[in-house]
Every structure is written in C-alpha cells, then in structure tokens.
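Got the viewer open and a hand on the mouse? Here is a short walk, one selection at a time.

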Amino acid sequence: MANDNLIIGQSRDFPLSQNPQLGLGHDHSMIMGQSHNFALGQTHDQDLEVGHGTNDDKQGLRDAHEHGLAYDQTNEHVIALQDIQNLEEEEALGLDQDNDLEPDQENIDVNSHDSDLGLSVVNHELVLMDSHELAVAENHDLSENLDLEMDQNQHMSILPVSGMSLEQSESMDSPPVLQCRALANSNHQLAVGQEFPDVQSCRRALRDAAIALHFEIQTVKSDKTRFTAKCASEGCSWRIHAAKLPGVPTFSIRTIHEEHTCRGITHLGHQQASVQWVANTVEQRLRENPNCKPKEILEEIHRVHGIALTYKQAWRGKERLMAAVRGSFEEDYRLLPQYCEQIRRTNPGSIAQVYGNPDDNSFQRLFVSLHASIYGFLNACRPLLGLDRVPLKSKYLGTLLFATGFDGEGALFPLAFGVVDEENDENWMWFLSEIRVLLENYAEYMPRLTILSDRRQGIVDGVEANFPTAFHGFCLQHLSDSLRKEFNSTPLVNLLWEAAYALTHFECEQKIMEIEEISPEAAQWIRQIAPTLWATAYFEGTRFGQLTANWAESLNSWIAEASGLPIIQLMECIRRHLMTWFNERREMSMQWTNILVPSAESSVTKAVELSHPFNAFRGNDADFEVRFPEGSHIVDIRNRRCTCNGWQFCGLPCSHAVAALRSCGQNVFRFTESCFTVTNYRKAYSETIHPIPDRTLWKEMAGFEDEANGSLWVTINPPKSLRPPSRPRKRRIRAEDAGRAKRVVHCSRCNQTGHFRTTCSAPI
C-alpha cells in the first residue's frame, strides 16, 4: 500500500501484559499501563514500522486469521483483536518478571529464539524481545507519509489504567510471569574442562551463571569429590557434572548438557539468590556507602540482575556483610583488656578499665575517660555535669552511660563513658562512683557540681551517695518529653519551658496558671514535681543558663549508628568524634580576638544596649540601686548578684548590672564567669586526643613487655544478654517511657473507651 492507514474499529480491546494493561477502550482510546513502554520499531521507542510491499489479500487474511487479526471490509486495515487468553496460549511469550520496560532503549534485537510472539501481516511481525520490548519489526523503514488515523474522528491517547471500564478490567486475566533465559556471555560461560580452585568456587560460579542466564539449578549430588546439578525446571535436559582432580583440591567440569528444553523461570525471584549472594553482590557499594538502605539494594539488584527480592532478604544481606566488615562481637569483648591498655599507653593520664563477672569472666562494665577531657573539664568548663544513656542495639545489647560537661559556648564537653551489660540502679551507682574517684584524684579540691539528669531512682541514689553537696535538678528536655507524652499538647510544653526560664517566682507561677487555664490536669501533674528541681527561679544551684543535658538527643545522628557496632568499634567511634571536635574547636578559637567567647560577647553587648536608659545610684563600694521606667533592682557587684536573678542564672552581667558597672567605670566584660573567656575556652581544648593503632599492632607493641613481666591478658567473654531475633528498632525509646501506661482513648460515637470513632463498630 502506498499510504497505509491504521483504523481502530469500535468496541475493540487490545490487552497486553500482566497487571498494567494496554488496550483500546470503548471510546477508541489507547490505554497503556503504568509500568510498560510500547516500543514499535527497531531503533525507536513507540514507532510503528509498516512495510510498503504486499503480496496478496488472501495471504494477508489467512495470516490475520491465524494470529488473531482481522481485516475490515476493504481488506486494507488490520485490527488487533487478540486478548490475554490468546497471549497465554502463545508459547513464545517472554515477559520480564517486573514488566519494567525502558523507554529509551535502542538497537533492539529482534532475533529472539523460540520465545517470539509473531503477528504476521504480509511482511510485518510483532515480536516480544529478550530485552522485554514489544515491537512491530520488518525489513523496511517507516514511510514518512505514513498516516495514523482513528475511525470516526477519534484520537489515540494514553490513559491511566483507571480509565478502563470495570467490564474491561475484569475480562483481562494476568499472564504467567516468565524470565526468559539470556544468552551466555564470557563472564558466565561454562565449558567442559573449566577448572575451579575448590568445590565452593565451582558452586559459586554455577550459581552466578544461573542467575545471569535466568534459570535455576537443583543439586543432584555434592560431596568432597563430585558435584552434579541439573536445571530445576521439570523435564529440562540441562545438566552439569564436575569432579575433583586427583591430589589437588581443584574441581573440573567433566560433562555439561548445554541445551535447555525449558522456557525459563516462571516466578519473580530466584532460588540461587541467597542472602550470601546479596551480600557479595552489594559489597562494593556498602563499603563505599555503609548507610545504603535495603530499599536501594533491592532497586540495584532488580536493575542489574532482573531479580525481585524481598525487603527482608536485602536487609539480611546488608547485615551479614556489615558483620563481616566490622568484625566479630565476641572478638571485641576478648580484646577489651588490650584495648584499655592501648588507651592508657597512647593517651597518658586517661582512665580505661574493664570489669568482668568473677564467676565466668563475662563482661559487666567498661569505664573510659580520656586525659584531654579530664583536664579540660576541671580547668576550663562550667561546674555543670549532665548524665544520660543510650540503649545499645548490638548483638549483646547493653547500655552506654555518659557524663558530659559544657564549654564556654554551651557545647557538650564529654567527660566519661561507661558501657554496662544492663541499666540498673547498681550500675548507675558504680558509674557515679568512678566519676567521683576521677575528680578526687585529678582535682585539687572537689568542685561543687550542678548535676542534670532525668532523676531516675538509680541516678538519684548515686548522686546522693557520691556527691552529697551537689545540686541535682531535672534535665528539662526529659521533663517536657514526658509532659508531651502524657497530654500531647505543644502549647502546654511551650508554657512549661517559659515557666522554667522565668527568673522570678511571680513569673514562674504566672506561667503555671496559664497552663492550668488550658488543662487543670497538666497543672496538677507539674505541681507534683518540686519546682526546686526544674524551675530557674527556685533552683538553688547555678545552671549557667543550661537547662538540658540530653546528650543522646543532641548526637542522635551518629550515636544511633554507632550503637549497633561491636564494643571496641563503638568506643573508637566516640573517640574519633571527640578527637575531631577538640581539633576543630581548638583551631576555631585561635581566630577569636575578643575577651569573651562569641555567644557570651553577644549577650553582654545586648545587655549594654538595654542599659542605656537605666539610672544607677551607688550606696557603697559594691551595692547599687538601678532604676528604670518599670521599677528598680538592687545590684551587688562584689558577689555578682542582682535581684532580677539574671546575673546568677547565666553567669553574665544582666542589663541592671551593666548599668551599675558602667556608672563606676568598670569594664563589664571583666565581670563574667571565667568559663566564658576565650582564654579558658582555649585551655579546655588545649590537650590532644591521640589516635589508637590498629588492633593488628597491639601484640607487637605490648608483647615483649608482657612476656618480660610474665603477665597474661585476662579474657573477657561476651555478656549473657542477647539481642532478640527480631529486627532491632532504629529509633531510640526513652527509658522513662518504658512501662508507662498507654493513654486511654475515647470514642465520640458510642461513648466507650478502647477505640476511636473511625474504628467504632457498635450499633447505633
């Protein structure tokens, strides 16, 4: 035909593929599924190649009848009428397991083997390729003047599957999934005489070949000298036999039947795609990016190998590889005594001690405090200590305890770490006793500390026993989280923070009254906690403007990842972060030129600006009355106190103190706590945290000395606690919420408890 026209008849459907459909609906529109590309042609997507030469109409009619095609009244136009049942009956149907068709594929090979779906009209052929493209191919190029028309002025369109009518969608059955075998390439070619170092290598090579060529194998016999396998498809003649060469572990392929009589795999997965194969396949990617998610692994394996795995297989494959990369948990426990020795050797003055159960030497506790942290805390940081913990997610569980100070900028300054087999009152008592001994040995005098924590019973008892003079208050972050869990109200949480920051009793009580107006129950819940434990206006110690000590929440981005590592790698991850922090903050402070650190400098500068309209009246060398439009405050510059409580709370002069100091010609920047000066900040980070050599060098460094002294390392066994077999939680659960009774829900429809309105099934 000189000018071929394709006319779509009425009420004709052309369904294709598995769940997504390609069809021509009642409105003569073409419907294409979401995951399929309809490629017509050899080198172009969605091209229709139609030849110009014809033989005779009778032959065309006969071909059309045989392949489910029909001519119209003039025998000039072909209408595709074959439905999905006819496609299933075609032996040559070869669809990929996920039916994902790449729209930009070129140079499609139309020379498929016995899995071609041929719809032959004259010289035109519709084939399903190995590359899973559906094409109409022939030996002629597409004519430039080819017209594509729709009968009765209807146009062709691509619609979502939802555009199909219910009758059409119900009539379209899903064809079976078929992974057609691919041609062997040089990387997976198996040949008689091919040799492998051992039987495991032989099996791995056969497994890789089966996955690459899309067929499954079944082991017939496997022992020390022989290995025989066959194609898992029933009735297929493919078979391979390998045997061990005499005198060496080498295996050689003896016989192989290379011809398959099966059509391929009829399911989405692959029997040989084991967890170990997944680990080996993504090893390089996980080494480059350990944070790669199982979903990304699934996508890569599907893209490269055409295999659809479950999420659990990908997750287990990643976990197995990461376990091989990071080493054995048991080995880390065994090396703990040597690791502690390396800490003491490379960082003189540090404390590192491991404790085991005297009965079986199973791990109980580990305490580590680096010399650089001890020196910086005692000489330059605020006398403020925060206590917190992180549940570990490693094979043997446990809990990471830590005590942290705060530098002049308010940044966390970790002092000590402890790892215990479980969190209990006894272990908290031990951890706090270790900190007390540390401070007694290194400090000229014991500082009077302010300690912040969630005040669980074990911490309260430990603080009272080891630091009887310390001020022990709530970490407000823990308290606000508990309030949010109890009442699920952001306004209440915000008012709690405002009440905590209030500097006077009146302001604090005013905020609690606002809470009571919103929720009397919340106000009652807050009043049950003594204000001396959380409110600035009532707190007896000095917080230096610090209300929180939630170290785990601040560093959750990397501590959560490290919490699943073996114990030595966990401590090394912490040490490396501290080493980096010390170096970065040391270099940053070298660029400061003011007396105070930037945050303190900004606060004092703001106080100076606010003090301009104030009038100061001097009573003696130290006492001043500072008047301002709203009232007056009394300032004592000798004891650094103001009746507004701002100077005592922050350790920095408030605006009233600034007015008094300026009236007598004093430099306000000199009347701050020493921890806010740049000099002290540099002193805090003046010591260096040194790296620790690789574990392979530990024996060489300590072996001669130990041998000379006749000392032997104590072997520490893993603790008795084990992680349950289920997948670990990735989000941290606070211990204070564990065991908390769930909030009772109420149904507004039936006035009953235990369910919501949306799930209510009670009759009305």
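Start by selecting Pro391 and Thr399: Pro391 stands opposite Thr399, which belongs to strand E17. Bear in mind as you go that this is a predicted model. Now widen the selection to strands E16 and E17, which pair in the antiparallel sense over 6 bridges.

Stay with E16, residues 384–391. How many of its residues are buried? The count is 7 of 8, so strand E16 is mostly covered. Look for its other partner too: strand E19 (residues 450–453) pairs with E16 in the parallel sense, over 3 bridges. To find a spot where they meet, pick Leu384, which stands opposite Thr450 in E19.

Next, show the whole sheet. It is open, has 7 strands with mixed pairing, and reads E14-E15-E18-E17-E16-E19-E20 in order. Which strands stand at the edges? They are E14 (351–356) and E20 (471–474); each has a single partner strand, so one side of each is left without a neighbour in the sheet. Turn the view to follow the twist, which averages 20° from one strand to the next.

Go to the E14 edge. Strands E14 and E15 run antiparallel and are joined by 6 bridges. Select Gln353 and you'll find its bridge partner in E15, Phe367.

Now bring in helix H12, residues 425–442. This helix lies across E14, E15, E16, E17 and E18, and runs at about 30° to E15.

Time for some rings. Select Tyr355, Phe367, Trp428, Trp430 and Phe431, which form one aromatic cluster. You have already met Phe367 as the bridge partner of Gln353. Zoom in on a pair from another spot: the ring centres of Tyr333 and Phe363 are 5.3 Å apart and their planes meet at 50°, so this pair is tilted. The two residues come from distant parts of the chain: Tyr333 is in helix H9 (residues 329–334) and Phe363 in strand E15 (residues 363–369), 30 residues apart. Are they buried or exposed? Tyr333 counts as buried at 5% relative accessibility, and Phe363 is buried as well, at 2%.

Swing back to the cluster for Trp430 and Phe431, another tilted pair, with 6.3 Å from centre to centre and 45° between the planes. Trp430 is buried, with a relative accessible area of 9%, and Phe431 is buried at 0%. If you want to keep hunting, the structure holds 18 aromatic pairs.

Two rings have a charge for company. Select Arg455 and Phe474: the charged end of the arginine sits over the ring, 5.9 Å from its centre. Then try Arg543, whose charged end sits over the ring of Phe539, 4.4 Å from the ring centre.

Last stop: Asp407. Where is it? Look in the loop between strand E17 (399–406) and strand E18 (412–420). Asp407 counts as buried, at 1% relative accessibility. Show its side chain and look for two partners. A polar atom of that side chain lies 3.0 Å from the backbone nitrogen of Glu409, and a polar contact of 2.6 Å joins the side chains of Asp407 and Tyr685. Leaving aside neighbours within four places in sequence, Asp407 is in contact with Cys381, Arg382, Phe413, Arg585, Tyr681 and Tyr685. Select that set together with Asp407 to finish the tour.

Technical notes:
Residues are numbered from 1 along each chain as its sequence is written. This is a predicted model: local features need pLDDT of at least 70, side-chain atom pairs count only at pLDDT 80 or more; totals for chains, interfaces and linings use all residues. Side-chain values use heavy atoms; hydrogens and water are left out. Rings of Phe, Tyr and Trp (its six-membered ring) pair if their centres lie within 6.5 Å; planes under 30 degrees apart count as stacked, over 60 as edge-to-face and the rest as tilted. Helices (H or I, at least four residues) and strands (E, at least two) are DSSP runs, numbered from the N terminus. Buried means under 20% relative accessible area, exposed over 50%, partly exposed in between (1.4 Å probe, protein chains only). A charge sits over a ring if NZ of Lys or CZ of Arg is within 6 Å of the ring centre and within 35 degrees of the ring normal. A polar contact is a pair of N or O atoms within 3.5 Å; within protein, one must be able to donate a hydrogen and the other to accept it, and residues adjacent in sequence count only if both atoms are side-chain atoms. Contact means heavy atoms within 4.5 Å. Two strands pair if DSSP finds at least two bridges between them. Axes are lines fitted to C-alpha atoms, for helices over the stretch in contact, and angles run from 0 to 180 degrees between N-to-C directions.
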